[in-house]
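Work through the exercises below with the sequence and the model open beside you. Try each task before reading its solution.

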Amino acid sequence: MDNLIDGRRIAATIHSETVARVGQLKDSGVTPGLVFIRVGEDPASRVYVGMKERKCHDLGIHSSTLVLENDTSQSHLLGVLEEYNQDPRVHGILVQAPLPRHMDETVVYATVNPSKDVDGFHPVNVGKLMLHQPGGFLPCTPAGVHELLIRTDCPLEGAEVVVLGRGNIVGKPMASMLMQKSKNANATVTLCHSRSRNIAEHCRRADVIIAALGVPEFVTEDMIKPGAVVIDVGVNRISDPGSKTGSRLVGDIDFHAVQPKAGAITPNPGGVGPMTIAMLMRNTVIAAEQQTLDITGPDA
Ligand SMILES: NC(=O)c1ccc[n+]([C@@H]2O[C@H](COP(=O)([O-])OP(=O)(O)OC[C@H]3O[C@@H](n4cnc5c(N)ncnc54)[C@H](OP(=O)(O)O)[C@@H]3O)[C@@H](O)[C@H]2O)c1
């Protein structure tokens, strides 16, 4: 069926726009720089940081990764962040989640200079998103979903959008982006979570469903309206005795059952994931532009 939203293709378009901006920066003597900080050896974090590093390399962004021991103290990490905050070669700082249990991620994220906070997690950037003020960084995954909707001409004005999940990284900022009184937003947003009643009924009304729960194949065919746009953010590992590794990744949408009924749907993988990286690269270039070209805010 030809109703797939091709996240890889749209991400590639955004990357080519980013490459052009990297070229302009380099012409003015600036190489955009992004630092990754990984604490401990969480296998998924190693994979995610590796993918982002390779994309930096492909686009001409300078990147480096600092790996700290799992038992590193929080005060040491905060000291490292202060150094990067002061380093003019570093335009973006990304602290890879999850952090070890003895660290308080709200303190860690709040220590990153907001103008280098390319993840969009600093309270200043969260506040700017909520207030719809310019000059802040948008968190990469919901910003990537928003771009997917915009670049596939999904009508949002007045649309019923159901966001499943109120996490700080995806659900809450996603709802905030789509409810704003602005072009490419103006949706009527319903945000569902684990205490919501009648989630299926909310979903059946929706023109757009964005699932960011972390519950394998939560959204089933009977929960969607024919023609709805369905976006799957979830990444869940489930056991699969038939596979080589004994497990496989699935999303929050029962893809095979939902696809025939959906107007458009993201594959998983190949939908939201590539967009998250594309938005991180774009945020890094925006950060470098702001810090070096005397630009006051991201307007991409
Ligand atoms: N593709 C990407 O680039 C990308 C990036 C980030 C995250 N993700 C994936 O997106 C998913 C969500 O991530 P997150 O960080 O937002 O997670 P999170 O912070 O743990 O939030 C999960 C949300 O889902 C709700 N929820 C959980 N089970 C539910 C249920 N049975 N019914 C209704 N609501 C339920 C929770 O409700 P309560 O608030 O009531 O607990 C919470 O609001 C995960 O699978 C994650 O791996 C993907």
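The exercises that follow concern a predicted model.

**Exercise 1. Domains**

State how the protein chain is divided and how far apart the centres of the parts lie.

Solution.
Step 1. Find the bounds: domain 1 covers 24–116, and domain 2 covers 140–274.
Step 2. Take the centre of each domain over its C-alpha atoms; 28 Å separate the centres of domain 1 and domain 2.

**Exercise 2. The ligand**

Identify the residues that come nearest to the ligand, and describe the contacts made with its oxygen atoms.

Solution.
Step 1. Collect the residues around the ligand, using a cut-off of 4 Å between heavy atoms. There are 19 residues around the ligand.
Step 2. Pick out those that come nearest: R166, S194, V233, V235 and T276.
Step 3. Sort the 19 residues around the ligand by class. The shell holds nine nonpolar residues, nine polar ones and one charged one.
Step 4. Look for N or O pairs within 3.5 Å, the cut-off for a polar contact. In S194, a polar side-chain atom is 2.5 Å from a ligand oxygen atom. For T276, an N or O atom of the side chain lies 2.8 Å from an oxygen atom of the ligand. V235 takes part through its backbone: one of its backbone N or O atoms is 3.0 Å from an oxygen atom of the ligand.
Step 5. Consider how far the ligand is covered. Taken alone, the ligand exposes 930 Å², and the protein buries 67% of that area.

**Exercise 3. The cavity**

Search the whole structure for cavities of 30 Å³ or more, and describe the lining of the largest cavity.

Solution.
Step 1. Recall the idea behind the search: rolling a probe the size of a water molecule over the atoms shows where empty space is left.
Step 2. Count what is found: the search gives one cavity of 30 Å³ or more. The volume of the largest cavity is about 40 Å³.
Step 3. List the lining: I93, L94, V95, Y109, V112, D117, D119 and F121.
Step 4. Ask which element gives the most to this lining. The answer is strand β3 (residues 92–95), which gives three residues.
Step 5. Class the lining residues: six are nonpolar, none is polar and two are charged.

**Exercise 4. Backbone geometry**

Locate the cis peptide bonds at P98 and P269, and the positive phi of N186.

Solution.
Step 1. Start at A97 and P98, where the joining peptide bond is cis with omega about 0°. P98 sits in the loop between β3 and α4 (105–111).
Step 2. Move to N268 and P269: the bond from one to the other is cis, and omega is near 10°. The loop that holds P269 runs between β10 (264–265) and α10 (272–292).
Step 3. Turn to N186, which is not a glycine yet has a positive phi of about 60°. N186 is found in the loop between α7 (171–179) and β5 (188–192).

**Exercise 5. Around S196**

Place S196 in the chain, and find what its side chain reaches.

Solution.
Step 1. Locate S196 in the loop between β5 and α8 (199–205).
Step 2. Follow the side chain of S196 to the backbone nitrogen of H193, at 2.7 Å.
Step 3. Compare sequence and space for S196 and N283: they are 87 residues apart in sequence, and their C-alpha atoms are 33 Å apart.

Definitions and conventions: Residues numbered from 1 in each chain as written. Predicted model: local features only at pLDDT ≥ 70, side-chain atom pairs only at ≥ 80, totals over all residues. Heavy atoms only, no water. Domains from an automatic or database assignment. Polar contact = N/O pair within 3.5 Å; in protein donor to acceptor, adjacent residues only side chain to side chain. Areas by Shrake-Rupley, 256 points an atom, 1.4 Å probe, with all protein chains shown as cover. Nonpolar A, V, L, I, M, F, W, Y, C, P; charged D, E, K, R; others polar. 1 Å grid on protein atoms, 1.4 Å probe; cavity = no way out; pocket = protein on both sides within 12 Å on 5 of 7 lines; lining within 4 Å. Points joined across faces, edges and corners; volume = space filled by probe spheres on them. Helix = DSSP H or I, 4+ residues; strand = E, 2+ residues; numbered from the N terminus.
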